[in-house]
Amino acid sequence: MPTLSKPNHFDGHEHELKPAKSEAPFSCDGCKELGFGPCYRCPNMNCDYIVHTECHIPLPTLSSHQFFKRCNFKFHKESPTGSGTRICDVCASDIHGFSYQCSRGKYDLHPHCANLPPSFSLPDSDMKIYLCDKIKSRCLKCQSKKRSSGKVQGLSYVSSDGKLCYHVACLNEAHVENWRNGHLKLDPNANGESSTSLELQNLAPNQVARPQSSKAMKRIKWLITFLKLVVHAIFGDYFSLLSTLGSTLDQLFQD
C-alpha cells in the first residue's frame with residue numbers, strides 16, 4: 001500500500017458528506033467508476049452526490065507505491081494532460097475523473113485502486129493473497145496470463161501457492177456482470193442456491209464442476225476461499241458471495 005501524506009478532506013461538493021453503506025452499486029461522482037458498499041453521500045434528499053471513501057478524502061500526494069517505486073503521485077480532479085485518454089495501471093480501465101498521476105506522467109491510478117492492499121487474508125482462512133504485476137497462472141475469468149485488450153495489463157491478485165490468479169480488471173467486469181444478471185445481492189439472505197451457483201460459475205467459468213471425489217471438493221473449497229479473499233480485498237465484505245458461497249457449497253453440489 002502506498003505511503004500516505006496528510007489528507008486533503010476536500011471533494012469539492014457544496015454539502016458536507018456523511019459516511020454510508022450503499023445498498024446498490026453506485027457511480028462515484030469523483031472518479032466516475034462503479035462503487036460498492038462503503039461510501040460518502042450527500043444527506044440532502046434532493047441531491048444524489050455519492051463518492052468512494054478514497055474520493056471523499058483525496059490525499060494530495062502518494063509518496064511511494066509498491067509497483068511504481070520511482071514515482072511520486074499527485075492527486076488531480078481532472079486529467080492534467082487534457083483530453084487524451086488515461087488508463088489506470090491497476091485495474092486497466094479508462095480514467096474519467098479523480099486520479100493520481102506520477103510526476104513523470106507515465107502512470108495513473110484511480111484513488112480506490114491506489115489503496116488496494118498488497119496482501120490480504122481473513123482470520124478464518126489459511127490462504128493469503130498477494131497483489132502482483134507478473135503472474136505464472138492463468139486468470140480464472142479470462143483464462144489468460146495477459147489481458148487480450150489494451151496496452152495496460154493492470155495488476156492481479158494471486159494465491160499464496162501461486163496456482164490461482166485473478167486480474168483486478170477481470171474481477172471488476174465479472175462483478176458488474178453478476179450484478180446486472182441479478183446474481184449479486186447485498187442482503188446475504190436474498191440469494192438462493194441457483195443464483196449463488198451462477199455467481200460462482202461467472203467468476204470462475206472453467207473451474208466449477210460437480211465434484212466426484214473428496215479431492216475435487218477440496219479443490220472447489222480452495223477456489224471459493226480464494227474468490228472470497230479477492231472480492232473482500234477489492235470491494236469489501238458487503239456481498240452475499242462472502243457469506244453464502246461457503247455455507248451453501250454442500251447444497252450446490254449434492255446429488
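How much accessible surface does the protein chain have, and what percentage of this surface belongs to carbon and sulfur atoms? The accessible surface of the protein chain comes to about 13,300 Å², and 47% of this area belongs to carbon and sulfur atoms. Please keep in mind throughout the tour that this is a predicted model.

Begin with the whole chain in a cartoon view, where you can find seven helices and 14 strands. Of its 255 residues, 48% count as buried, and among the contacts between residues at least 6 apart in sequence, 60% join residues at least 24 apart.

Next, select strand β9, which covers residues 99-102, and look at its two faces in turn. In a regular strand the side chains alternate between the two faces of the sheet. Here both faces are covered, since Ser99 and Gln101 on one side are buried, as are Tyr100 and Cys102 on the other.

Now add the strands that pair with β9. Strand β8, residues 73-76, pairs with β9 in the antiparallel sense over four bridges, and Phe73 has Cys102 of β9 as its bridge partner. Strand β10, residues 108-109, also runs antiparallel to β9 and is joined to β9 by two bridges, with Leu109 of β10 as the bridge partner of Tyr100. Between β9 and β10 the hairpin has five residues, and within this hairpin Gly105 takes a positive phi near 75°.

Stay with Cys102 and show Cys71 as well. Why is there no disulfide between Cys71 and Cys102? The sulfur of Cys71 is 3.6 Å from that of Cys102, the closest cysteine sulfur, and this is too far for a bond, because a disulfide needs the two sulfur atoms within 2.5 Å. The structure as a whole holds zero disulfides. Both cysteines are nevertheless buried, Cys71 with a relative accessible area of 1% and Cys102 with one of 4%.

Move on to His167, which is found in strand β14, residues 165-167. His167 is buried, with a relative accessible area of 2%, and if you leave aside residues up to four places away in sequence, the residues that His167 touches include Ile135, Cys139, Cys142, Lys145, Arg147 and Leu155.

Finish with helix α3, residues 168-180, whose 13 residues reach 19 Å from the first C-alpha to the last, close to the 18 Å expected at 1.5 Å a residue. Colour its buried residues, among them Leu171, Ala174, His175 and Asn178. An α-helix has 3.6 residues a turn, so residues three or four places apart point the same way.

Notes:
Residues are numbered from 1 along each chain as its sequence is written. This is a predicted model: local features need pLDDT of at least 70, side-chain atom pairs count only at pLDDT 80 or more; totals for chains, interfaces and linings use all residues. Side-chain values use heavy atoms; hydrogens and water are left out. Buried means under 20% relative accessible area, exposed over 50%, partly exposed in between (1.4 Å probe, protein chains only). Contact means heavy atoms within 4.5 Å. Accessible areas come from the Shrake-Rupley method with a 1.4 Å probe; for residues, only the protein chains shown count as cover. The expected span of a helix is 1.5 Å times one less than its number of residues. Two strands pair if DSSP finds at least two bridges between them.
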